[in-house]
Amino acid sequence: MKKFLMLIALMGFGLSTSGCILAAAAGAGAVAADEINEDDGEFDPLEEAYDGDPSTAGPLDKD
């Protein structure tokens with residue numbers, strides 16, 4: 001009975017962390033897709049996104 005309860009607990013921990021793993025994989029995939037489609041020759045996954053609207057310039061944008 002003790003082993004059965006331990007197995008149930010381990011399965012519960014696995015299910016509770018699977019959402020975090022899925023979110024991390026989706027984020028990594030989004031960064032990889034962005035870098036592949038950029039065509040600027042640089043690997044800069046932490047760059048700011050630009051939506052074409054100059055009023056939404058971020059703090060790292062050059063004047």
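This is a short walk through the structure, one selection at a time.

**Whole chain.** Start with everything shown, and keep in mind that this is a predicted model. The chain has 63 residues, and buried residues make up 3% of them. Its accessible surface comes to about 5800 Å², with 68% of that belonging to carbon and sulfur atoms. Switch to a cartoon view and you will find one helix and zero strands.

**Helix H1.** Now select residues 2-38, the stretch called H1. How far apart are its end C-alpha atoms? They lie 54 Å apart, and this agrees with the expected span because 37 residues at 1.5 Å a residue should also give 54 Å. Next, center the view on Thr17, where H1 bends by about 30 degrees.

**The nonpolar patch.** Select Met1, Phe4, Leu5, Leu7, Ile8 and Met11, and turn on the surface. Together these residues form a nonpolar patch with about 670 Å² of accessible area. Pick out Ile8, one of the patch members, which sits in helix H1. Ile8 has a relative accessible area of 43%, so it counts as partly exposed.

**Glu35 and its contacts.** Move along to Glu35, also a residue of H1. Is Glu35 buried or exposed? Its relative accessible area is 13%, so Glu35 is buried, since the cut-off for that is under 20%. To see what it touches, show Glu42, Phe43, Asp44, Pro45 and Glu47; residues up to four places away in sequence are left out of this list.

**Just past the helix.** Finish at Asp39, which follows H1 and has a positive phi, near 65 degrees.

Note on methods. Residues numbered from 1 in each chain as written. Predicted model: local features only at pLDDT ≥ 70, side-chain atom pairs only at ≥ 80, totals over all residues. Heavy atoms only, no water. Helix = DSSP H or I, 4+ residues; strand = E, 2+ residues; numbered from the N terminus. Buried < 20%, exposed > 50% of the residue type's maximum accessible area, 1.4 Å probe, protein only. Areas by Shrake-Rupley, 256 points an atom, 1.4 Å probe, with all protein chains shown as cover. Contact = heavy atoms within 4.5 Å. Patch = residues over 30% accessible without salt bridge, like charges linked within 9 Å, V, L, I, M, F, W, Y side chains within 5 Å. Salt bridge = Lys/Arg side-chain N within 4 Å of Asp/Glu carboxyl O. Expected span 1.5 Å × (residues − 1). Bend = angle between axes of the 7 residues up to and from the residue.
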